[in-house]
Amino acid sequence: QVQLVQSGGRLVQIGDSLRLSCTTSGLVFSDYYMGWFRQLPQKEREFVASISGSGGNSFYGGSVKGRFAISRDNAKNTVYLQMNSLKSGDRTVYYCAAAGNGSNSSTDFDYWGRGTQVTVAS
């Protein structure tokens, strides 16, 4: 029933900006915190950012704070991740996820997108 469809991942150069999108269906979008996570080399998922259902509160992981920005458009059932000043260390797979309540832990998110690859040229 629930789908999170991601888009926006592509090859970019160091210092570039990129915006990822995640469009949902099958859920009441405004009821969910939305989050972005990314794959770590050790197969763990790192918290990147999250945003409350209304968009009034947002949170960021320390590795991206000041460079990335999360936002959402509830009319479009879509959450975005604006990535600026991209570094080689940002190269990985990014996942969007939905949680029924506020959370910064991947284990608390109920639904996940399939991920999108962001490649930052070295």
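1. Threonine 92 has valine 118 in E11 as its bridge partner. This pairing is read from a predicted model. Threonine 92 belongs to strand E9, which covers residues 92-99, and E11 covers residues 116-121. The two strands are antiparallel and are joined over three bridges. Beyond its neighbours within four places in sequence, threonine 92 is in contact with Arg38, Gln39, Thr116, Gln117 and Val118. Its relative accessibility is 12%, and threonine 92 therefore counts as buried, the limit being under 20%.

2. Strand E9 has further partners. With E4 it runs antiparallel, and six bridges join the two; phenylalanine 37 is matched there with tyrosine 95 of E9. With strand E10, residues 111-112, E9 pairs in the antiparallel sense over two bridges, and alanine 98 has tyrosine 111 of E10 as its bridge partner. How much of E9 is buried? Seven of its eight residues are, so the strand is largely enclosed by the rest of the structure.

3. The overall composition is as follows. The protein contains eleven strands and zero helices, and its pattern along the sequence is accordingly written with β elements, β-β-β-β-β-β-β-β-β-β-β. The radius of gyration is 13 Å, close to the 14 Å that the globule rule gives for 122 residues, so the protein is as compact as a globular protein of that length. Taken along the principal axes, the C-alpha atoms fill a box of roughly 40 × 30 × 25 Å.

4. On contacts and surface, 56% of the contacts with a separation of 6 or more are between residues 24 or more positions apart. Of the 122 residues, 42% count as buried. The accessible surface comes to about 6300 Å², and carbon and sulfur atoms contribute 42% of that area. There are 12 positive and 8 negative side chains, and the centres of the two sets are 7 Å apart.

5. Strand E3, residues 18-25, contains cysteine 22. Is cysteine 22 buried or exposed? Its relative accessible area is 0%, so cysteine 22 is buried. With neighbours within four places in sequence left aside, its contacts are Leu4, Val5, Gln6, Met34, Trp36, Asn77, Thr78, Val79 and Cys96. Aspartate 110 lies 88 residues from cysteine 22 in sequence, and their C-alpha atoms are 15 Å apart in space.

6. Threonine 24 is also found in strand E3. At 5% relative accessibility, threonine 24 counts as buried. Its C-alpha atom is separated by 5.5 Å from that of glutamine 3, although the two residues are 21 apart along the chain. Apart from neighbours within four places in sequence, threonine 24 is in contact with Gln3, Leu4, Phe29, Met34 and Asn77.

7. Strand E7, residues 68-73, can be described by its two faces. In a regular strand the side chains alternate between the two faces of the sheet. In E7 the covered face is made of Phe68, Ile70 and Arg72, while Ala69, Ser71 and Asp73 make up the uncovered one. A charged residue thus appears on each face, since Arg counts as positive and Asp as negative.

8. E7 pairs with strand E8, residues 78-83, in the antiparallel sense over six bridges, and isoleucine 70 stands opposite leucine 81 in E8. The two strands form a hairpin with four residues between them. Within that turn, asparagine 77 has a positive phi of about 55 degrees. Asparagine 77 is also among the contacts of cysteine 22 and of threonine 24.

9. Two further residues deserve a backbone check. Lysine 43 is not a glycine, yet its phi is positive, near 75 degrees. Lysine 43 sits in the loop between strand E4 (33-39) and strand E5 (45-51). Its relative accessible area is 76%, so lysine 43 is exposed. Serine 85, likewise not a glycine, has a positive phi of about 50 degrees. Serine 85 is located in the loop between E8 and E9 and is partly exposed, with a relative accessible area of 43%.

Methods: Residues numbered from 1 in each chain as written. Predicted model: local features only at pLDDT ≥ 70, side-chain atom pairs only at ≥ 80, totals over all residues. Heavy atoms only, no water. Rg over C-alpha atoms; globule rule 2.2 N^0.38 Å. Buried < 20%, exposed > 50% of the residue type's maximum accessible area, 1.4 Å probe, protein only. Contact = heavy atoms within 4.5 Å. Areas by Shrake-Rupley, 256 points an atom, 1.4 Å probe, with all protein chains shown as cover. Charge placed at Lys NZ, Arg CZ, Asp CG, Glu CD. Pairing = 2+ DSSP bridges.
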